[in-house]
Each structure stands twice: as structure tokens, then as C-alpha cells.
Amino acid sequence: MAFEKLSHFFGISDEDEYDETGYQSEADDESTPVETTTSNATTGNVVAMNQAGRNVSRKIIIFEPRIYADAKDIATNLLNNQAVIVNFTQLDDSQARRIVDFLTGTVFALKGEIQRVGDQIFLCTPPKFEIEGTISENLKDNQGL
């Protein structure tokens, strides 16, 4: 009896026909079927999940931290999928080490990369950025010319 009342409340009766795999009425038969494809093309108002972030421009931010609190701003940019070049020439060695440790943890959590590109310069990248080569390799190639 309770099922009958709930069925009536939701508009389901024994006379209605419905598909077990999904609710499809006779009106849906006349409409255009929705195609589910794995391609990157968009249909109508449906946008593929892998295309949602493509309109976001990729940026490389340059930081010269002066205090340890600047590490939070650098990490925020990494969380926003922006690569960061950090120049530690304005800090003493102990503060720079603390920030590098913090950024190493941040990059590890994001599955990104951190790489030294100069004496006191580091490149931190979020996932999906690729770093090819090293500065020392490039210097060797240039000196060999």
C-alpha cells in the first residue's frame, strides 16, 4: 500500500511503460538521442571534462621572495597550475632552504617538478608541464660551438 502511494506520488503506475536501464518516455523517442563519445568534440551544451581547462592560459610567474611568508604565494600559483621561477638572491641561505623545502613538499603533493636552473634560481612546475634538459647540458652545448 505504501509503495502504491509513493508510486502514485512520483507518477509511476502499473500501466506506464519504462525502461529498466533508464527512464525513457514516448516523448523522448521523438527527440534527438544524446551521443556519448570519447572524442574531444563538444555537442550542444555538453563539454568534455578534459576540455574545461583548455581556455586557461598557462603562465610562468617569477618570484623574488624576501620573507618566508612569500612561500604561500608561490604555492598558491602552483595550485592554480602556473609554473613559477623563484630567485632567492634577496634571501639568506637558511630562509631560502626553508622555502625550497616547503616548495618541494608542495610540488610533491601536486605531482609536479622542481628543478634548479641557476645558482639561486629554481623552477617549480605543476603536473602536465614538461622540463627537458638542464642548464649544465645547455652550457656544454654552447661552449662546444
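So, where is K128 found? K128 is in the loop between β4 and α5, the helix at 135–143. I'll come back to that residue in a bit. Before anything else, please keep in mind that what we have on screen is a predicted model.

Okay, the overall layout. The protein has 5 helices and 4 strands. If you walk along from the N terminus, the elements go α-α-β-α-β-α-β-β-α. There are 145 residues, and 20% of them are buried. As for contacts, take the ones between residues at least 6 apart in sequence: 46% of those join residues at least 24 apart.

Now the sheet. It's an open one, with 4 strands in the order β1-β2-β4-β3, and the pairing is mixed. β1, residues 60–63, and β3 are at the edges with a single partner strand each, so each of them has one side without a neighbour in the sheet. On average, neighbouring strands here are turned by 15° against each other, if you ignore direction. As a reminder, strands of a sheet pair through backbone hydrogen bonds, and that can be parallel or antiparallel.

Let me stay with β4 for a moment, which covers residues 121–125. Which strands does it pair with in the antiparallel sense? On one hand there's β2, residues 83–87, which is antiparallel to β4 over 4 bridges. If you want to find that pairing on the screen, look for N87, whose bridge partner in β4 is I121. On the other hand there's β3, residues 113–116, also antiparallel to β4 and joined to it by 4 bridges. There you can look for Q115, which has L123 as its bridge partner in β4. And β3 and β4 are linked by a hairpin, through 4 residues.

So is β4 mostly covered or mostly open? Mostly covered: of its 5 residues, 4 are buried. A nice one to click on is T125, which sits in β4. Its relative accessibility is 3%, and anything under 20% is called buried, so T125 counts as buried. What does T125 touch, once you leave out residues up to four places away in sequence? You get L78, A83, V107, G112, E113 and I131.

Right, on to the helices, and in particular α3, residues 70–79, and α4, residues 93–110. Their axes come within 10 Å of each other and cross at roughly 20°. With angles under 35 degrees counting as roughly parallel, α3 and α4 are therefore roughly parallel to each other. The crossing of α3 and α4 is right-handed. Which residues meet there? From α3 it's A71, K72, I74, A75, L78 and L79, and from α4 it's I99, F102, L103, T106, V107 and L110. By type, the residues of that contact split into 10 nonpolar, 1 polar and 1 charged.

I74 deserves a closer look. I74 is in helix α3, and its relative accessible area is 0%, so I74 is buried. Leaving out residues up to four places away in sequence, I74 touches F63, P65, V84, V86 and L103. F102 is 28 residues away from I74 in sequence, and their C-alpha atoms are 10.0 Å apart in space.

Last topic: backbone angles. Which residue in the loop between α3 and β2 has a positive phi without being a glycine? That's N81, with a phi of about 60°, in the loop between α3 and β2. Its relative accessible area is 41%, so N81 comes out as partly exposed.

And that takes us back to K128, in the loop between β4 and α5. K128 isn't a glycine either, and its phi is positive, near 75°. Is K128 buried or exposed? Exposed: its relative accessibility is 77%, and the cut-off for that class is over 50%.

To wrap up, if you take a minute with the model, I'd start at β4, with β2 and β3 paired to it in the antiparallel sense. Then I'd go over to α3 and α4, with their right-handed crossing. And finish on the two loop residues with positive phi, N81 and K128. That's it from me, thanks.

How values were computed. Residues are numbered from 1 along each chain as its sequence is written. This is a predicted model: local features need pLDDT of at least 70, side-chain atom pairs count only at pLDDT 80 or more; totals for chains, interfaces and linings use all residues. Side-chain values use heavy atoms; hydrogens and water are left out. Buried means under 20% relative accessible area, exposed over 50%, partly exposed in between (1.4 Å probe, protein chains only). Helices (H or I, at least four residues) and strands (E, at least two) are DSSP runs, numbered from the N terminus. Two strands pair if DSSP finds at least two bridges between them. Axes are lines fitted to C-alpha atoms, for helices over the stretch in contact, and angles run from 0 to 180 degrees between N-to-C directions. Angles under 35 degrees count as roughly parallel, over 145 as roughly antiparallel, 65 to 115 as roughly perpendicular and the rest as oblique. A crossing is left-handed if the near helix is turned anticlockwise from the far one by less than a right angle, and right-handed if clockwise. Contact means heavy atoms within 4.5 Å. Ala, Val, Leu, Ile, Met, Phe, Trp, Tyr, Cys and Pro count as nonpolar, Asp, Glu, Lys and Arg as charged, and the others, Gly among them, as polar.
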